[in-house]
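Thanks for making time this morning. I would like to walk you through one helix and then the packing around it, so please keep the model in view while I talk.

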Amino acid sequence: MRSADGPASAAAGEQLRRAVDTYLDHLTVERALAANTLASYRRDLDRYVEWLVGSGVTALPDVAARDIAGHVAALRAPDGDAPPLSASSAARAASAVRGLHRFALLEGLAPADPSREVKPPALPKRLPKALDVDQVSRLLAGPADGPLALRDRALLEFLYGTGARISEAVGLAVDDLDLAARPGMVVLHGKGGKTRLVPMGSYARSALDAYLVRGRPALSANGTGRPTVFLNARGGTLSRQSAWTILRKAAQRAGLPVDGPGGVSPHTLRHSFATHLLDGGADIRVVQELLGHASVTTTQVYTLVTVDRLREVYATAHPRAR
């Protein structure tokens, strides 16, 4: 990454730095960004100004697309003793640069937005972590004695049996489980206020029945009659953090990792739900509907998981695979 030192370079970049300050003031006042986010933008844009000054560019109207492309490429290249930025950090920095140029165009600080011509750095696809069927069985095989244990079993079975997000599970109301009107089905309230009807398997229904009959009344007696299905020990609505703690403890009890990139996470049972459906031959459009994805493109990431699974099975099972 280029750099220019000394008073001359500071003076040369003054106009650019004023533009950055104006943009950050706008983000602070108009968009009320968090202090940490603003600090990250400041670092990213200070680095950008340094690059431009080192390249001989001292004002935003003089910036060309090739200057931005050069800066983005430099973010991912070693710079002396400094390591290159990660793909996600480089993408964030490029986003800050694009935001600055869009703002400059709207505010009349520059006649054009050259960042439109620069393709942002592509982030590597992160495959969702899915457990195999045996691991899921171990995760769900915990004790079910007492109101809290019955609740925990019902919650985990529900997450895996429906593919619900944890936020959808803790927001589930008793009326959403109107099994008389919708046998074996449940209403989930997803992102953006969208609802969807999802089937439940027999294991999830059985665990919920046991909890609703023998566990939830005892918990509800401690509270003020909350309508949500999953309650905490005080009778209030179970929080997302508490649901994650339940999953984490179940994973530890089952001998599954909970830390690091391969650890069990709040979305693990949802990922496993989707992956096992596709492994079993489910149509991707059906899985999209069950997960509540607006676009099938989002669901297609799970097909990459199943392809990896196919390779793994082939490599271990075929006598001439190695």
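Helix α12 covers residues 268-279, and its 12 residues reach 16 Å from the first C-alpha to the last, close to the 16 Å expected at 1.5 Å a residue, where the expected span is 1.5 Å times one less than the number of residues. Helices here are DSSP runs of H or I with at least four residues, and strands are runs of E with at least two, numbered from the N terminus. This is a predicted model, in which local features need pLDDT of at least 70 and side-chain atom pairs count only at pLDDT 80 or more, while totals for chains, interfaces and linings use all residues. Residues are numbered from 1 along each chain as its sequence is written, and side-chain values use heavy atoms, with hydrogens and water left out.

Because 10 of its 12 residues are buried, α12 is largely enclosed by the rest of the structure; buried means under 20% relative accessible area, with a 1.4 Å probe and protein chains only. Among those buried are Arg270, His271 and Phe273. After the helix comes Gly281, whose phi is positive, near 100 degrees.

Turning to the packing, the largest nonpolar core (buried Ala, Val, Leu, Ile, Met, Phe, Trp, Tyr and Cys residues joined through side-chain atoms within 4.5 Å) has 47 residues, and Phe158 and Phe230 have the most contacts inside it. Helix α12 is one of the elements that each supply at least two residues of this core, although α7 gives the most, with 6 residues. A second, separate core of 29 residues includes Ala19 and Leu27.

Methods
Buried < 20%, exposed > 50% of the residue type's maximum accessible area, 1.4 Å probe, protein only.
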